[in-house]
Amino acid sequence: MAVDPTVRMVTESFTAARSGLPGPGELIADALPPSPKPGSALDPVAASEYLTRVRLTLEALADQLAQLYPPDQWIWYTRRLSSDLFSGHLVTTQFADHGVLETLTGLSRNQEAGVTLGPEGRTIFPFGVEDLRPVASMAAVAVALSQTHSWIRRAGKGTEFVVRSDDLPEPVLDADLEGAISVFDERVAADLQLHWHPALELNASNDKVHHLLGVTMVLGQWPKVLAWEGRLLERRWIWLEGQFHMKLMTLDGLLDTVAVAGQSGTRWWKKGTPSVVALLQSLWYEATFMSDSVGKNVPKVGYIRRKRDLAEHFLDLTLPLLQDDLETVFPGEVPKSGAQVLNDLESVGPDLWPIQPGPVARRSGDEVSLDIWAASARLHHDLLIPPQTGGEIVNATAFRFERVVQDRIDKTPWVPSANARALTRGHLKLNGKTLTDIDAVAEKDGVLLLISCKNLPFSPAYDAGEYRVIRNVASTVDNGVEFWRKIVQKLRSDPTGDNYDVSTFDEVHGVLVTPHTTYSRDSQTLRLLPIDGLTVRAAASLGELLKALDG
């Protein structure tokens, strides 16, 4: 199916509108604090404080710009702009810049009804060059902010800076540190796919109930994406030009965790999170059994615009079907009506640091735009149980990560034998003393890979590059790698213990696995294991490990 003609028109006007406007560099220069003076040295903590002042100034400018259009008009424009317009050295750059732009438009509190040009039933906002100038200005602020975010995260990794008069502070040259940051950035860019989430079963089949129907943004100038005609249960698949891949998920991870650990009266979720879940579950029911339009509209632009009373109607129809699961994971805080869900979603986001999009529902008179992309993006962060929650619910999440790692390994060519798998059953003992327990194993052609699982969540503080948090996570990983290296050495020197035997393997190696790529500058942590035909580091994300094992 052909791409919406307004996409080309909006893109052309946006490109022309950029001409003559202040660029990101000029905006950054205007946002620099008056002190400390140029030439001043900044340690990582002082640099973070200095850059935070720049960030706040740019955010204030974005807030002013956001009021030029109502929220639904902003999203109509931005969803017709490809992320390719923000492409940079790494793929993460364009996702970050585009994501910041989307988030900043959510600051709009303008409740005026925008002037539309489309025929009855279709929304088309004015898209001339002058109409797109506010969008182009906001995009420049977004790029400036994204650059500032990058520098804040560099400070969190230990970079020192020198203040400049007309630009962000200059990093002090430290070859080892810069090398470690470059390695980290490249690893993150190569490992964008989410392979595991403690609360969600990702890429779920459509033979279950209570799915969540979400989306992920794709690269390219409106590439072909999978969609469907009619209702989802009919499976009438088509390809059309769009910006989003549809994604089926379930709450199985969270339900399993709660079944094992219980809630113990602990409220770990954010206000509005139950309504985000309800929206995406309701959308699956609507797409599967009720609506003929979701399969074409959502893959194109990632949101649905409809009359508010109709949105409430669909939610009211489906909420009773979701009640039991929602009450299990969010006891006492399940929305009771479609109106309550929409009211909650209007207050979910945006978060400016670290960046999280929103609001999920953008109201305009008697209509509402339901941002499925924003809901999906927030879901992955807002369903993480914070470690400080403590108790059995956190421990149960860690145990589930170990099971998932082994399950994923079992689907690769490195599926372990019964002999290797036996190593995961209980603590290994030597001469009456406990050595350790093995979380997961992989095996191929006489090579045994012993895996230590560290369920280190991708917390908001880590995402924001807080120096203390980055340092503590790196220390945890580095210490874990060193401990695991010593365990492997012990097993090599004493291959037969009280309750284990690894003498039948030609090689024994160890790797520490985390859910996400974590930063470290330690050479032992970053080293590649000396295994022929396998490229994996001593500490790797689950995605990196699976990519290596799959060859």
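**Figure 1. A close-up of Glu 346 and its salt-bridge partner, Arg 363, in this predicted model.** With a relative accessibility of 24%, Glu 346 counts as partly exposed. Its partner Arg 363 is partly exposed too, at 35% relative accessible area. In the salt bridge between Arg 363 and Glu 346, the closest N and O atoms are 3.9 Å apart. Arg 363 sits in strand S12 (residues 361–364) and Glu 346 in the loop between helix H12 (338–345) and strand S10 (351–352), so this pair ties together parts 17 residues apart in sequence.

**Figure 2. Glu 367 meets Arg 305 in a salt bridge.** Here the N to O distance is 2.6 Å. Strand S13 (residues 367–371) holds Glu 367 and strand S9 holds Arg 305, so the contact ties together parts that are 62 residues apart in sequence. Arg 305 counts as partly exposed, with 26% relative accessibility. Step back a little and you will find a network: salt bridges with shared partners join Asp 72, Arg 305, Lys 307, Asp 366 and Glu 367. Across the model, the count of salt bridges comes to 34.

**Figure 3. Glu 286 and Arg 306 form a buried pair.** Their side chains meet in a salt bridge of 2.6 Å, N to O. This one links distant parts of the chain, with Glu 286 in helix H9 and Arg 306 in strand S9, 20 residues apart. Both Glu 286 and Arg 306 are buried, and both also help line the largest cavity, which comes next.

**Figure 4. The largest cavity has a volume of about 70 Å³.** Its lining includes Leu 279, Ser 282, Phe 314 and Ile 372, along with the Glu 286 and Arg 306 of the previous view. Helix H9 (273–290), strand S9 (303–307) and helix H11 (308–329) each give two or more residues to the lining, and H9 gives the most, with four. By type, the lining residues divide into eight nonpolar, one polar and two charged.

**Figure 5. The second largest cavity holds about 50 Å³ of space.** Look for Leu 456, Pro 457, Phe 458, Tyr 462, Val 473, His 516, Thr 517 and Thr 518 around this space. Five of these lining residues are nonpolar, three are polar and none is charged. In total, a search of the whole structure finds three cavities of 30 Å³ or more.

**Figure 6. Helix H6 runs from residue 129 to 156.** At 1.5 Å a residue, its 28 residues should span 40 Å, which agrees with the 40 Å between its end C-alpha atoms. Of those 28 residues, 20 are buried, so H6 is largely enclosed by the rest of the structure. Just after H6, Gly 158 takes a positive phi of about 110°.

Note on methods
Residues numbered from 1 in each chain as written. Predicted model: local features only at pLDDT ≥ 70, side-chain atom pairs only at ≥ 80, totals over all residues. Heavy atoms only, no water. 1 Å grid on protein atoms, 1.4 Å probe; cavity = no way out; pocket = protein on both sides within 12 Å on 5 of 7 lines; lining within 4 Å. Points joined across faces, edges and corners; volume = space filled by probe spheres on them. Nonpolar A, V, L, I, M, F, W, Y, C, P; charged D, E, K, R; others polar. Expected span 1.5 Å × (residues − 1). Buried < 20%, exposed > 50% of the residue type's maximum accessible area, 1.4 Å probe, protein only. Salt bridge = Lys/Arg side-chain N within 4 Å of Asp/Glu carboxyl O.
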